[in-house]
Amino acid sequence: MAHSLESLVIRHTRRLPSPDGSAGDGSTAARQFDAALTSVGFKLSAELLERLSGLSEATVVRTARQTLHLVTEMVGDHVRHNSYFIDFPANVPDTEEFWMECVTKALGDEKSRANVLTQLAHGALDLLSLPTYGRYQHTYEEMLAAQAELIASAGDRVTVLHLGRDLDDELTDLYQALAGSATPLGEEHLSDLGTLAARCVLGPQPDSIPVRENRAVVNEARLGVGADLLLDTVTDALRLACALSGGDVTLQQPTRFRALPRPVRRALLAGLDAVIAADPAKLADVHAHREPFKRLGERLHPHEHPRWPHAADVFAVARGEKEARTFDSRVEKLLDEFDVLGAVRLLKSAPGKLFRALDLLLRIAAGQGERDAVVAAAVQVAPEVSGRVVLAVREHFQNREHETAEPRVFVNRRGCGWVTPTTGRRSPPPTVIV
């Protein structure tokens, strides 16, 4: 287990946790270790080489064996990678040229000629049936010999392994870095976070865990040791249930929920109850994932636990038995009633949404007094709005200053777009505030 944990530190930080072992003269073994690392593109830092040289030879050999196994996997050197074209990246033919060459060779081969002619007579050719298509035309050793010059030219690029601190300290720092990451982690990194959380979840924690997928992984570990769950929304509980069932914590793919032990069911229901008790408006978040919540309710049996009535409300909303107006629907209702001041008061709790609604609020405001209230609210929340939203709203208002018949193009985060004519009225100049 310690070996796998050390490998996490090396892969993520390029630091080797300070080796434990008896003192001795390991200088010769350390130099041999350094030479072996160089052959796969790594090298010991001077500090790490000095540290290893002061340990016993047995300790250095053990450390070298474990580390070399890991770094060879990191660079793919444990697999015999062949190249399709022996001179790659040079002398790679165009696709059509390559196909024609394969067909020509097949026609010149007595064993394959008849088959190729038969296929061509029917107007189609299975490329995989050609003797030279999709098959290496040289051995791995021949490829190495042909690329000896290329391999030599790459030998001066090395990755330095540095001396780390004690294993526990390195694991704690790595856990906090992954858990507190502000950007979503890939599948491999999420798996690493799970491994680290199982060991570090009762120790020092990051100041915040902004990415919900990371929080689900951490909560799974906290549940395993009986620690309090970190739940801010009902969706946090749903992600945790997905993690416990081996499903997709990003909620992009449906999860088949497993039968959960009674203590786990209690913990999830208690967490949901606490979230809704603190802020009943969060019931509206259920609408975004109604079907998964329905399926989860079938596993949690909330009707068996009357002491958590707010948790039961979550599943009642999912089944359509209880109404929970979303934030956007409450704003829309106020705007339909032309209650600009009421909408502004509500939108101040969501600065980004307030900025996106500025144009509409200013256009339906009934007089300069209401427009001033909208502007004042925008100025107040502006520091909390992301720069991207501020710039988008600024560009929008600049476009609104000029009447134009040019169509407008909208692009979403997936790169899909649509075009529509410009039909809105121009905003009054005094209300252009950004």
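**Figure 1. Helices and strands of the protein chain.** The protein chain holds 21 helices and 5 strands. The model is predicted. Of the 434 residues in the protein chain, 37% are buried. Among contacts with a separation of 6 or more, 67% join residues 24 or more positions apart. The protein chain exposes about 25,000 Å². Carbon and sulfur atoms supply 52% of that area.

**Figure 2. An open sheet of 3 strands.** The strand order is β1-β3-β2, and the pairing is parallel. β1 and β2 (42-44) stand at the edges with a single partner strand each, so each has one side without a neighbour in the sheet. β1 pairs with β3 (residues 159-163) over 2 bridges, in the parallel sense. Here R15 stands opposite H162 of β3. β2 and β3 also pair in the parallel sense, over 3 bridges. K43 has V160 in β3 as its bridge partner.

**Figure 3. The salt bridge between R15 and E170.** The closest N and O atoms of R15 and E170 are 2.8 Å apart. R15 belongs to strand β1 (residues 15-16) and E170 to helix α9 (residues 167-179), so the salt bridge ties together parts 155 residues apart in sequence. Which of the labels buried, partly exposed and exposed fits E170? E170 has a relative accessible area of 2%, under the 20% limit, so E170 counts as buried. R15 is partly exposed at 29%. R15 thus appears in two views: R15 stands opposite H162 in the sheet, and R15 forms the salt bridge with E170.

**Figure 4. The largest nonpolar core.** This core has 31 residues. V234, L268, F293, V314 and F315 touch the most other members. Four elements give two or more residues each: α12 (234-244), α13 (262-278), α14 (290-300) and α15 (309-318). Which element gives the largest share of this core? That element is α12, with 7 residues. In soluble globular proteins, nonpolar side chains tend to be buried together.

**Figure 5. Contacts of V234.** Neighbours within four places in sequence are left aside in this view. V234 is then in contact with L272, V275, I276, K282, D285, V286, F293 and V314. Two of these residues, F293 and V314, are listed with V234 among the core residues that touch the most other members.

**Figure 6. The salt bridge between D328 and K353.** The closest N and O atoms of D328 and K353 are 3.1 Å apart. The pair links distant parts of the chain, 25 residues apart. D328 lies in helix α16 (residues 327-336). K353 lies in helix α18 (residues 351-356). Are the two residues buried, partly exposed or exposed? D328 has 43% relative accessibility and counts as partly exposed. K353 has a relative accessible area of 35% and is partly exposed.

**Figure 7. The salt bridge between E337 and K333, and a network.** The closest N and O atoms of E337 and K333 are 2.8 Å apart. E337 is partly exposed at 45% relative accessibility. K333 is partly exposed, with a relative accessible area of 40%. Elsewhere, salt bridges that share partners join R212, R215, D232 and D236 into one network. A search of the whole structure finds 20 salt bridges. Side chains of opposite charge can pair when their charged atoms come close.

**Figure 8. S112 and L117 in helix α6.** S112 lies in helix α6 (residues 110-121). L117 has its place in helix α6 too. Is S112 buried or exposed? S112 has a relative accessible area of 9%, so S112 falls under the 20% limit and counts as buried. Not counting residues up to four places away in sequence, S112 touches A106 and P131. L117 is partly exposed, with a relative accessible area of 46%.

**Figure 9. A nonpolar surface patch.** L107, L117 and L120 make this patch. The patch covers about 240 Å². L117, one of the three, has a relative accessible area of 46%.

Notes
Residues numbered from 1 in each chain as written. Predicted model: local features only at pLDDT ≥ 70, side-chain atom pairs only at ≥ 80, totals over all residues. Heavy atoms only, no water. Core = buried A, V, L, I, M, F, W, Y, C linked by side-chain atoms within 4.5 Å. Buried < 20%, exposed > 50% of the residue type's maximum accessible area, 1.4 Å probe, protein only. Contact = heavy atoms within 4.5 Å. Salt bridge = Lys/Arg side-chain N within 4 Å of Asp/Glu carboxyl O. Pairing = 2+ DSSP bridges. Patch = residues over 30% accessible without salt bridge, like charges linked within 9 Å, V, L, I, M, F, W, Y side chains within 5 Å. Areas by Shrake-Rupley, 256 points an atom, 1.4 Å probe, with all protein chains shown as cover.
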